[in-house]
Structure formats: structure tokens, C-alpha cells
Protein chains: 2
Amino acid sequence: MKYCSHCGNRVEWIVPTGDDRPRHVCRRCETVFYKNPVMVVGCIPVWDDKILMCRRAIEPQRGLWTLPAGFLEIGETVAEGAARETREETGAAVIDLRPYLLFDIVHIQQMYFMFRSRLQKPDFNTTRESAEVKLFSQEEVPWGEIAFRVIDKTLQLYFKNKRTGQFDFQIYRIEAPDTQGR
Amino acid sequence: MKYCSHCGNRVEWIVPTGDDRPRHVCRRCETVFYKNPVMVVGCIPVWDDKILMCRRAIEPQRGLWTLPAGFLEIGETVAEGAARETREETGAAVIDLRPYLLFDIVHIQQMYFMFRSRLQKPDFNTTRESAEVKLFSQEEVPWGEIAFRVIDKTLQLYFKNKRTGQFDFQIYRIEAPDTQGR
């Protein structure tokens with residue numbers, strides 16, 4: 001950030017009065033610009049004993065498999081956002097959304113909020129974002145070809161919890177790759 | 001938003017290529033500016049059978065009572081943010097944070113994520129943001145003087161769930177005041 005989005009003046013990187021950390025501040029119109037972590041919302045869509053995954057048709061991680069998820073938009077609840085992303089990326093309608101996992105991904109300034117959900121019916125299709133959309137049993141999941149670590153972790157937790165039927169809400173942190181060797 | 005924060009050019013309010021809704025876009029440096037809901041994180045700090053509340057020393061809602069909560073900052077997890085806000089607003093250290101409630105407050109583009117927590121010891125103090133910091137039993141809570149509806153709802157749910165000891169994670173939506181008459 002170099003310029004004030006309100007008045008066009010150059011901004012400075014200073015600690016505002018009464019604050020405890022530097023922010024971008026416009027001294028002309030006295031606006032302080034706050035930057036906050038962004039929420040990604042997604043689903044584990046289930047049909048019978050299988051989960052719906054999508055093979056990414058776009059970057060990043062084009063060609064690899066993921067669960068439907070994307071940025072929460074202004075004007076929607078987290079559950080509405082997760083259902084919208086699922087519809088946009090797989091063509092499927094999900095019902096019975098249940099909060100399941102929150103991931104802090106501090107190094108990329110994001111959180112992921114993942115719901116368990118059920119497909120309303122086994123109708124889905126490829127989309128602009130998904131070159132392939134497919135139901136997988138646990139044995140069929142393409143484990144070596146998962147697009148993001150947060151999705152790999154989501155799937156691992158889901159199948160682990162599925163054994164006991166206990167899907168309590170849980171919070172995890174995904175560390176930066178260089179601190180854990182991947 | 002009127003000006004591009006990268007190059008200072010005037011921005012336009014248009015639907016970017018491949019998108020489905022209008023965003024602020026700079027045609028000179030081709031930057032698309034996304035705006036997303038912001039996360040507020042907070043705690044219900046418990047000591048014995050009482051909860052710690054603060055009387056606001058600053059606007060908005062100066063003079064009314066609330067639970068410690070504030071905007072999640074870049075560089076911290078949701079639990080770290082909730083503990084930091086509690087420390088900043090009450091001087092207290094909280095431990096044993098457990099995810100409890102998520103509120104969608106769509107009309108103000110915010111989410112509230114509230115943790116249950118325990119005071120490490122009964123040490124707390126007034127702060128720049130809190131004119132008074134005090135432990136309340138359920139009977140003592142100043143119900144008519146709660147600063148925000150989301151905090152009133154948090155307290156109601158907490159004392160309701162406390163009767164059964166079942167504090168499952170729950171999501172609620174806080175509607176705009178004009179749609180529910182308050």
C-alpha cells in the first residue's frame with residue numbers, strides 16, 4: 001500500500017495515536033488503514049460413504065485435488081459462503097452444514113472454516129474452476145495429489161473422526177512450510 | 001474507496017473478468033481490490049462461578065458492559081487474538097481457551113468468534129479501554145446495560161448451556177436492528 005484509497009495522498013507506515021502497532025496512515029485525511037486476516041469457507045460434501053472432491057482447473061495448484069472452498073464475501077454468512085463455493089466449484093447443492101474445523105494459517109493471513117455437509121442429491125459437474133468433480137471413498141482419495149496442506153489435514157481429520165463418529169469442532173494451526181519441512 | 005492504493009490512480013466499480021460481482025478495480029495497474037468480512041475474537045473469562053466483564057471507557061457504547069473482544073490482527077491465531085484482547089481490556093491472563101460461539105453479523109461485515117476460558121488467577125484491572133473490570137455471577141450480570149447485542153446473546157447462551165454443562169460449538173446470526181425491532 002502506497003496511496004490513500006480515500007484521498008490519493010501518499011500513506012505512511014506509523015503507529016497511530018493510541019495504537020500499539022504500525023498501520024498505513026494518511027496524514028492528509030487522517031484515515032488509518034487496518035489489514036486483517038481473511039476467512040476462507042468450505043465444505044466436506046458427503047454422499048453415502050463418499051466425499052466430493054474437485055480437480056483444480058486453475059492456478060494455484062492446477063491439476064491437483066481439493067475440497068470446495070473460497071473467500072467469504074461481504075453479505076453472506078459463513079455457512080452461506082461455504083454452500084456458495086461448493087455450488088460454484090462442483091455444481092452441487094449441499095444441506096445440513098455443520099461447523100467442523102477452523103484452521104489458523106497465520107503466515108498467509110488466512111483462516112479456513114470447514115463444514116461437514118451432505119449432498120442434496122448426487123448431482124454435480126465440472127465448472128470453470130474444476131476440471132473434474134468426483135466422489136471418493138476413503139480408499140480412493142488421491143492422497144498424493146492434494147492441492148493444499150489445509151485440505152489434506154481436513155481429510156485426515158475427517159476420516160479419523162469418522163471411525164468414532166465424534167466430529168467435535170476443532171481448531172488447528174497450519175505452520176509455514178519452511179518451519180516443518182514441507 | 002476512490003484511489004488505487006498501489007499506484008494512486010482513480011479506481012472503478014466494475015465486475016472484473018471471470019468474476020461475478022463488482023469490485024474496486026484499477027485499470028492502470030490492473031489491481032482488483034477485494035473486501036471481506038472481518039473477524040472479531042473474544043473471551044468469556046471464568047473464575048469460580050463468575051465471569052469477568054468490562055465497562056467500556058471508550059466509544060462506541062461508552063459506560064456499558066461487555067466481554068473482552070476485538071479485531072483479530074495479522075500475525076496471530078484466533079485464540080491468541082482472544083487472549084490478547086482479554087489482556088488488553090482487563091489486564092487478566094486467560095488459559096484453557098475453548099471455541100464456543102461464532103456469530104455472523106452480516107450487516108456490519110463482521111464475524112464474532114467467542115471462546116470460553118478460565119482466568120489463570122483472579123488478577124485484573126481497569127485499562128485504557130475499560131473504566132471498570134469486575135466478576136459477576138449470573139444474578140449480578142447488568143443485563144440492562146450490555147453494550148452489544150452479540151455480547152448479550154453470548155451471555156444468554158453461556159448461562160443457558162451452563163445449566164446442562166453442554167457447550168457444543170454453535171453458530172448464530174445477528175440480524176440488523178431494523179429487521180428485529182431493536
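Reader: Does Glu30(A) count as buried or exposed?
Author: With 11 C-beta neighbours inside 10 Å, Glu30(A) falls on the exposed side, given that a residue is buried if 20 or more other C-beta atoms, placed from the backbone, lie within 10 Å of its own, exposed if 12 or fewer, and partly exposed in between. The model is a predicted one, in which local features need pLDDT of at least 70, side-chain atom pairs count only at pLDDT 80 or more, and totals for chains, interfaces and linings use all residues. Residues are numbered from 1 along each chain as its sequence is written, while chains are lettered from A and ligands numbered from 1 in the order in which they are written. Glu30(A) therefore counts as exposed.

Reader: Where in chain A is Glu30(A) found?
Author: Glu30(A) is not a glycine, yet its phi is positive, near 60 degrees. Helices and strands here are DSSP runs numbered from the N terminus (H or I of at least four residues for a helix, E of at least two for a strand). On that basis, Glu30(A) is found in the loop between β2 (23-25) and β3 (32-33) of chain A.

Reader: In which strand does Asp96(B) lie?
Author: Asp96(B) also has a positive phi, of about 60 degrees, although it is not a glycine. Asp96(B) is exposed, with 11 other C-beta atoms within 10 Å. Its place in chain B is strand β8.

Reader: Which residues of α2(B) are buried?
Author: Helix α2(B) covers residues 149-164 and reaches 23 Å from its first C-alpha to its last, close to the 22 Å expected, where the expected span is 1.5 Å times one less than the number of residues. On one side of this helix, Lys160(B), Arg163(B) and Thr164(B) are exposed. On the other side are the buried residues Val150(B), Ile151(B), Thr154(B), Leu155(B) and Tyr158(B).

Reader: Why are the buried residues on the same side of α2(B)?
Author: An α-helix has 3.6 residues a turn, so residues three or four places apart point the same way. In α2(B), the buried residues are Val150(B), Ile151(B), Thr154(B), Leu155(B) and Tyr158(B). They are on the same side of α2(B) because, judged by the directions from the helix axis to the C-beta atoms, they cover an arc of only 135 degrees.

Reader: Which strands do the buried residues of α2(B) pack against?
Author: Two residues are in contact if their C-beta atoms, placed from the backbone, lie within 7 Å. By that criterion, the buried residues of α2(B) pack against four strands of chain B, namely β4 (38-47), β6 (65-66), β8 (94-105) and β9 (110-119).

Reader: Which element gives the most to the side of chain A that touches chain B?
Author: The contact takes 30 residues from chain A and 30 residues from chain B. Elements giving two or more residues to the side of chain A are β4 (38-47), α1 (78-90), β8 (94-105) and β11 (170-173). With three residues, the element that gives the most is β8(A).

Reader: What rotation superposes chain A on chain B?
Author: Copies are superposed by least squares on the C-alpha atoms of residues with pLDDT of at least 70 in both. The superposition has an RMSD of 0.0 Å and 0.0 Å of shift along its axis, with a rotation of 180 degrees.
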